[in-house]
Amino acid sequence: MKKYTQADFDAFEVIDGIKQCPSGDYSDIQVFSDRCSFGEDCSFGEDCSFGKWCSFSKQCSFGEDCSFGEECSFGEECSFGEWCSFGKWCSFGEDCSFGEECSFEGKGEYIGDYPFLAFVGFGSRIGSKVYFFNLQDGIYVRCGCWLSDIAGFRERVKAKNADAMYLDLCDLVERKFNRKNSK
């Protein structure tokens, strides 16, 4: 696997405002610009920082202490090392896995066999996503710009007269995470 330097990275082609980053070893690069697109089988070292709108393809792996900015998206089969942290609006594809001590938006570490569950197609926007995070301090919900524990999410759904399907999702997630219903 080719190991890229900062000079290599800076010289990568930009198409339609997106830096095209081929597969390879990026462990020597500490700061990545906004709007990068990485290919399959990329590898990143410790203390990496990624800007907004970064996109990662299948089978990308990230080392310890990586941090990601707002609106990052990750493809299928991404894996994340210990101490990873994620900004607001991050989205994750199928089969993503998370190392020990990952933190979700500063709300704590995940527990159990499922760090999160994601649902697509609910709410007022087509393709909108709802994420449920299984954390030590409880189940947290990210729905658009809303972030709260599951009880707060239930209250918001009721207060906004939102689709009752959200409440059904809460019940399903609590069963899946094997948590006591917090209605």
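What pLDDT does the chain average, and what share of the residues score at least 70? This is a predicted model, and its chain averages a pLDDT of 75, with 66% of the residues scoring at least 70. Confidence varies along the chain: the lowest mean, 60, belongs to strand 13 (residues 97–98), while helix 2 has the highest, at 93.

**Helix 2 and its surroundings**

Let us start with helix 2, where the confidence is highest. Several of the residues in helix 2 are buried, namely Ile150, Gly152, Phe153, Arg154 and Val157. What covers them? The cover over the buried residues of helix 2 includes three strands, listed below, along with helix 3.

| Element covering helix 2 | Residues |
|---|---|
| Strand 16 | 129–135 |
| Strand 17 | 138–143 |
| Strand 18 | 146–149 |

**How helix 2 meets helix 3**

Helix 3 deserves a closer look. Helix 2 and helix 3 pack at an angle of about 165 degrees, and their axes are 10 Å apart. Angles over 145 degrees count as roughly antiparallel, so helix 2 and helix 3 are roughly antiparallel to each other. Their crossing is left-handed. On the helix 2 side, the contact is made by Ile150, Phe153, Arg154, Val157 and Lys158, and on the helix 3 side by Tyr166, Leu167, Cys170, Asp171 and Glu174. Sorted by class, this contact has six nonpolar and four charged residues, with no polar ones. Among the helix 2 residues in the contact, Ile150, Phe153, Arg154 and Val157 are also buried.

**The loop between the two helices**

Following the chain onward from helix 2 brings you to Asn161, in the loop that joins helix 2 (150–159) to helix 3 (165–176). Is Asn161 buried or exposed? Asn161 is exposed, with a relative accessible area of 68%. Its backbone is worth a look too: the phi of Asn161 is near 50 degrees, which is a positive value in a residue other than glycine. For context, most residues other than glycine have a negative phi.

**The start of the chain**

Finally, turn to Met1, which is found in the segment before helix 1 (6–11). Met1 is exposed, with a relative accessible area of 68%. Which residues does Met1 contact, leaving aside its neighbours within four places in sequence? With those neighbours set aside, Met1 is in contact with Gly24, Asp25, Asp41 and Ser43. As for Gly24, its C-alpha atom is separated from that of Met1 by 5.3 Å, although the two residues are 23 residues apart along the chain.

Methods
Residues numbered from 1 in each chain as written. Predicted model: local features only at pLDDT ≥ 70, side-chain atom pairs only at ≥ 80, totals over all residues. Heavy atoms only, no water. Helix = DSSP H or I, 4+ residues; strand = E, 2+ residues; numbered from the N terminus. Buried < 20%, exposed > 50% of the residue type's maximum accessible area, 1.4 Å probe, protein only. Axes fitted to C-alpha atoms, helices over the stretch in contact; angles between N-to-C directions. Parallel < 35°, antiparallel > 145°, perpendicular 65-115°, else oblique. Left-handed = near helix turned anticlockwise from the far one by under 90°. Contact = heavy atoms within 4.5 Å. Nonpolar A, V, L, I, M, F, W, Y, C, P; charged D, E, K, R; others polar. pLDDT = per-residue confidence, 0-100.
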